[in-house]
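Reader: I should be grateful for a close look at one part of this protein, namely the way its strands are arranged into sheets. Please explain also how the helices are placed around them.

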Amino acid sequence: RYGSLFLSAVSGQFYKAFQFHLLSKRCFVLCCERHRDHRPKRGTDRPRQRDCSEVLIMAYTLCQKVRDLTPYRPVSGDFPIRLDANESCFDLNRPDSFPSEIRPVRDQVVEQIQKNLTEIAYNRYPDPLCTGVRQAFASRFQVPMEQVTAGNGSDELISLICGCLLEKGSRLVTAEPDFSMYRFYGDIFELETRSWQKAPDLSIDPVKLAAYAKEQKAGMLIFSNPCNPTSLTLSRQKVQSLIELLPDTLIVVDEAYMEFSPNESVLDLTGQYDHLIVLKTCSKALGLAGIRLGFAVADKTITKALQAVKSPYNVNALSQAVGKAVLENSQLGEFCTKSLVDSRRALQTGIESLLVKKTQLETVWPSQTNFIFVKTPTAAEISRALQKEGIAVRQMDGFLRFTAGNTAENKALLKALEKVVR
């Protein structure tokens, strides 16, 4: 693209033109020609300007850490049934997505949301401390509010932890397979990421993982529990042993799916260990993926640091208003969680029944989340075939992940699997 910028007269002189020539995506040449003074001389005290041509070449090259990155691409397309992102099948904006017996409670929550929204001053920035929604979270999960930091989804909190609580070059250890964004943020913030491979059955031996972290001189160990994508849970006792085996390492436990396996949470231990952070989200059991709201719970020292480094207004007023109303109503959340667990169990039973007659399905893990994880050498082929049936699922190398949907969605998935899987 070529363009010219003409400037007006300055002190009786004209700059004829500044021409910008784009040589490439990352390089441009600025040509600047200063003109002679054509006015009559005023004498020896006003010497004539000489011609002066200056060419300034400026080049910008993307830094290595982002040069080859590609944007995150969720499953794209218009599919009647979406079981690819571990979202809840309960939509507060759709009363018919809730069974009749719980709709009065849903209506109460929606009414409270509407009330909260009317109290928002849209011309003002939101509460930078997220006081109301943090208090609602603290009350629901029985933790001190002073230990809670709210974020624009758990992703923001993960990025803050990687970018601000560790120095450049520190080592970040993950237990693979696990949530891919841990390594992504580690790379972005120039940490040295190290991956410890789980056993063939995808289990974690805390003693071996702790030994690996020590060997790597890890600054931080992060893992999801229950795990996305394996759907398995590490017991509370084993998580606590990891915490105690690594007293000099920051331990981050991502409990995004813990509502589906509640007895194994270590949330209450955050006040006991000064190197422990537990992450929670409103996206899964609470069905609020659209508002992007997550929480980090840690001791007061870490919490103070997180609140110091976060953006001042990181959670918008709408998300705070909706999140507060939903968190304050435990009845709706408990119902949705139980219903999703029932849905998962039904889907698990159906998929396991296919194992005896479908050789392309090798292993189905006993899920403790809201999704089913399946090993298959034809994952990509099955995923494409399901899309032709109008169903989107998550495909990984050698694995498929199926979100538990409502009864109709589960039946449609099982019927399609019966058709496309050999």
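**The sheets and their helices**

Author: An open sheet of five strands is found in the order β5-β15-β16-β14-β13, with mixed pairing. At its edges stand β5 (81-83) and β13 (363-364), each of which pairs on one side only. The model in which these strands appear is a predicted one. Within this sheet, strand β14 (residues 371-375) and strand β16 (residues 399-403) run antiparallel and are joined by five bridges. Phe371, for example, has Thr403 in β16 as its bridge partner. In general, the strands of a sheet pair through backbone hydrogen bonds, and they may do so in a parallel or an antiparallel manner. A helix also belongs to this picture: α10 (residues 330-355) lies across β13, β14 and β16. The direction of α10 makes an angle of about 20° with β14.

It is useful to set this sheet within the whole chain. The protein chain contains twelve helices and 16 strands. Of its 422 residues, 48% are buried. If one considers contacts between residues at least 6 apart in sequence, 66% of them join residues at least 24 apart.

A second open sheet is built from seven strands in the order β6-β12-β11-β10-β9-β7-β8, and here too the pairing is mixed. Its edges are β6 (148-151) and β8 (192-197); each has a single partner strand, so one side of each is left without a neighbour in the sheet. On average, neighbouring strands in this sheet are turned by 20° against each other, if direction is ignored.

The two ends of this order may be examined in turn. At one end, β6 pairs with strand β12 (residues 294-298) in the antiparallel sense, over four bridges. Val148 has Val297 in β12 as its bridge partner. Helix α5 (residues 181-188) packs on the sheet and touches β7 (171-176), β8, β9 (220-224) and β10 (250-254). The direction of α5 makes about 165° with that of β7. At the other end, β7 and β8 run parallel and are joined by six bridges. Here Ala175 stands opposite Trp196 in β8. Five of the six residues of β7 are buried, and the strand is therefore described as mostly covered.

Helix α5 has a helical partner as well. Two packed helices are described by the angle between their axes and by the distance between the axes. Helix α4 (residues 153-164) packs against α5 at an angle of about 40°, and their axes are 9 Å apart. This angle makes α4 oblique to α5. The crossing of α4 with α5 is right-handed. In this contact, Asp155, Ile158, Ser159 and Cys162 of α4 meet Met181, Tyr182, Tyr185 and Gly186 of α5. By class, these residues comprise five nonpolar, two polar and one charged.

A further pair consists of helix α6 (residues 206-215) and helix α7 (residues 236-245). Their packing angle is about 25°, with the axes 9 Å apart. Since angles under 35 degrees count as roughly parallel, α6 and α7 are therefore roughly parallel to each other. Their crossing is right-handed. From α6, the residues Pro206, Val207, Leu209, Ala210 and Lys214 meet Lys238, Ser241, Leu242 and Leu245 of α7. Six residues of this contact are nonpolar, one is polar and two are charged.

The chain between α7 and β10 brings us back to the seven-stranded sheet. Thr249 lies in the loop between α7 and β10. Its relative accessibility is 7%, and Thr249 therefore counts as buried, the limit being under 20%. Leaving aside residues up to four places away in sequence, Thr249 touches Ala218, Gly219, Met220, Leu221 and His275. Of these, Met220 and Leu221 fall within the range 220-224 given for β9.

One more helix pair completes the account. The axes of helix α2 (residues 103-118) and helix α9 (residues 317-328) come within 9 Å and cross at roughly 145°. The crossing of α2 with α9 is right-handed. Val109, Gln112, Ile113, Asn116 and Leu117 of α2 make the contact together with Leu318, Ala321, Val322, Lys324, Ala325 and Val326 of α9. By class, this contact has eight nonpolar, two polar and one charged residues.

Definitions and conventions:
Residues numbered from 1 in each chain as written. Predicted model: local features only at pLDDT ≥ 70, side-chain atom pairs only at ≥ 80, totals over all residues. Heavy atoms only, no water. Pairing = 2+ DSSP bridges. Helix = DSSP H or I, 4+ residues; strand = E, 2+ residues; numbered from the N terminus. Axes fitted to C-alpha atoms, helices over the stretch in contact; angles between N-to-C directions. Contact = heavy atoms within 4.5 Å. Parallel < 35°, antiparallel > 145°, perpendicular 65-115°, else oblique. Left-handed = near helix turned anticlockwise from the far one by under 90°. Nonpolar A, V, L, I, M, F, W, Y, C, P; charged D, E, K, R; others polar. Buried < 20%, exposed > 50% of the residue type's maximum accessible area, 1.4 Å probe, protein only.
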